[in-house]
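Notebook open, coffee poured. I want to go through this one piece by piece and jot down what I look up.

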Amino acid sequence: MNNELTCNQVIALLSFYVEDKLNSRLKEYVDDHLRHCTKCREIYMQSKKIAKHVLSLVNYDEETANTFYTKQYEDFKNNLSAYVDNELNENESIRIKKIAISNPLARKDLEDMYNFKKLLHNSFEKTRTEWKNDYSKIIINSLQQKYEYSKIDPFYKLLGAFTALITLLLIGFFATLYF
Ligand SMILES: [Zn+2]
């Protein structure tokens with residue numbers, strides 16, 4: 001079997017190679033290729049750097065989690081929703097605020113909670129607006145219907161004509177009085 005890999009094949013295998021997940025034979029092929037292909041070696045160095053960086057981030061997060069997962073943080077978590085809903089008294093509220101300032105886990109939770117609230121609020125507002133629009137439509141429709149009914153009601157036509165006649169008579173009456 002020809003064990004010469006192409007550049008594309010090596011690049012496809014690179015992430016497994018970096019994580020040391022290839023079987024020994026494939027690993028050897030990649031090793032061979034990297035030894036005499038500067039282009040792939042360059043890419044390999046970059047991936048290794050990125051992988052190391054990502055790993056350090058993961059470790060940092062775990063470290064942060066271990067450091068800040070304290071009794072205080074648990075107290076914070078238990079009171080978070082009450083705090084956001086303004087249900088705590090002043091002293092409790094200040095205590096929770098202080099934890100949020102000093103503890104990055106708490107700060108993150110608070111942010112998430114506010115974002116969640118905002119999301120809920122937005123969707124509620126949206127529903128309310130839609131409902132309002134529907135309600136206006138119902139009113140407009142019923143008004144239109146009313147208007148159309150009155151338009152075809154002969155009683156209103158007669159009433160209108162009668163009022164006009166009376167007005168003309170009155171004008172004529174006053175005109176003969178004053179001129
Ligand atoms: Zn190559």
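Before anything else, a cut-off I need: buried means under 20% relative accessible area, exposed means over 50%, and partly exposed is what falls in between. Also for the record, this is a predicted model.

**Entry 1: two cysteines against the cut-off.** I looked up C7 and got 24% relative accessibility, so C7 goes down as partly exposed. C40 comes out at 1%, so I put C40 down as buried.

**Entry 2: the zinc ion.** Which protein atoms are the donors of the zinc ion? I find SG of C7, NE2 of H33, SG of C37 and SG of C40, lying 2.0 to 2.4 Å from the metal. I checked the angles among the four donor atoms; they run from 102 to 113 degrees, and the site is tetrahedral. For reference, the ideal angle for four tetrahedral donors is 109.5 degrees. Along the sequence, I read the donor spacing as C-x25-H-x3-C-x2-C. C7 sits in helix α1 (residues 7–18) and C40 in helix α3 (residues 38–68), so this pair ties together parts that are 33 residues apart in sequence.

**Entry 3: H33.** I placed H33 in helix α2 (residues 24–36). Is H33 buried or exposed? Its relative accessible area is 8%, so I count H33 as buried. Its side chain reaches the backbone oxygen of L5 at 3.0 Å. Leaving out residues up to four places away in sequence, I see H33 touching L5, T6, C7, V10 and C40. Two of those names, C7 and C40, are also on my list of zinc donors.

**Entry 4: helix α5.** I moved on to α5 (residues 90–102) and checked its length. At 1.5 Å a residue, its 13 residues should span 18 Å; I get 19 Å between the end C-alpha atoms, which agrees. Which residues of α5 are buried? I noted S93, I96, I99 and A100. Looking down the axis of α5, I see the buried residues fall within an arc of 125 degrees, so they line one face of the helix. On the other side of α5, E90, N91, K98 and I101 are exposed. At the start of α5, I found a side-chain oxygen of N89 reaching to within 3.1 Å of the backbone nitrogen of N91.

**Entry 5: the whole chain.** I stepped back and counted seven helices and zero strands in the protein chain. Of its 179 residues, 18% count as buried. Among contacts with a separation of 6 or more, I get 59% from residues 24 or more positions apart.

Conventions. Residues are numbered from 1 along each chain as its sequence is written. This is a predicted model: local features need pLDDT of at least 70, side-chain atom pairs count only at pLDDT 80 or more; totals for chains, interfaces and linings use all residues. Side-chain values use heavy atoms; hydrogens and water are left out. Helices (H or I, at least four residues) and strands (E, at least two) are DSSP runs, numbered from the N terminus. The expected span of a helix is 1.5 Å times one less than its number of residues. Buried means under 20% relative accessible area, exposed over 50%, partly exposed in between (1.4 Å probe, protein chains only). The arc is that of the directions from the helix axis to the C-beta atoms. A polar contact is a pair of N or O atoms within 3.5 Å; within protein, one must be able to donate a hydrogen and the other to accept it, and residues adjacent in sequence count only if both atoms are side-chain atoms. Donors are N, O and S atoms within 2.8 Å of the metal (3.2 Å for Na, K and Ca); water is not among the atoms, so sites may look incomplete. Four donors count as tetrahedral if all angles lie between 85 and 135 degrees; four count as square planar and six as octahedral if opposite donors are over 155 degrees apart and all others between 65 and 115; anything else is irregular. Contact means heavy atoms within 4.5 Å.
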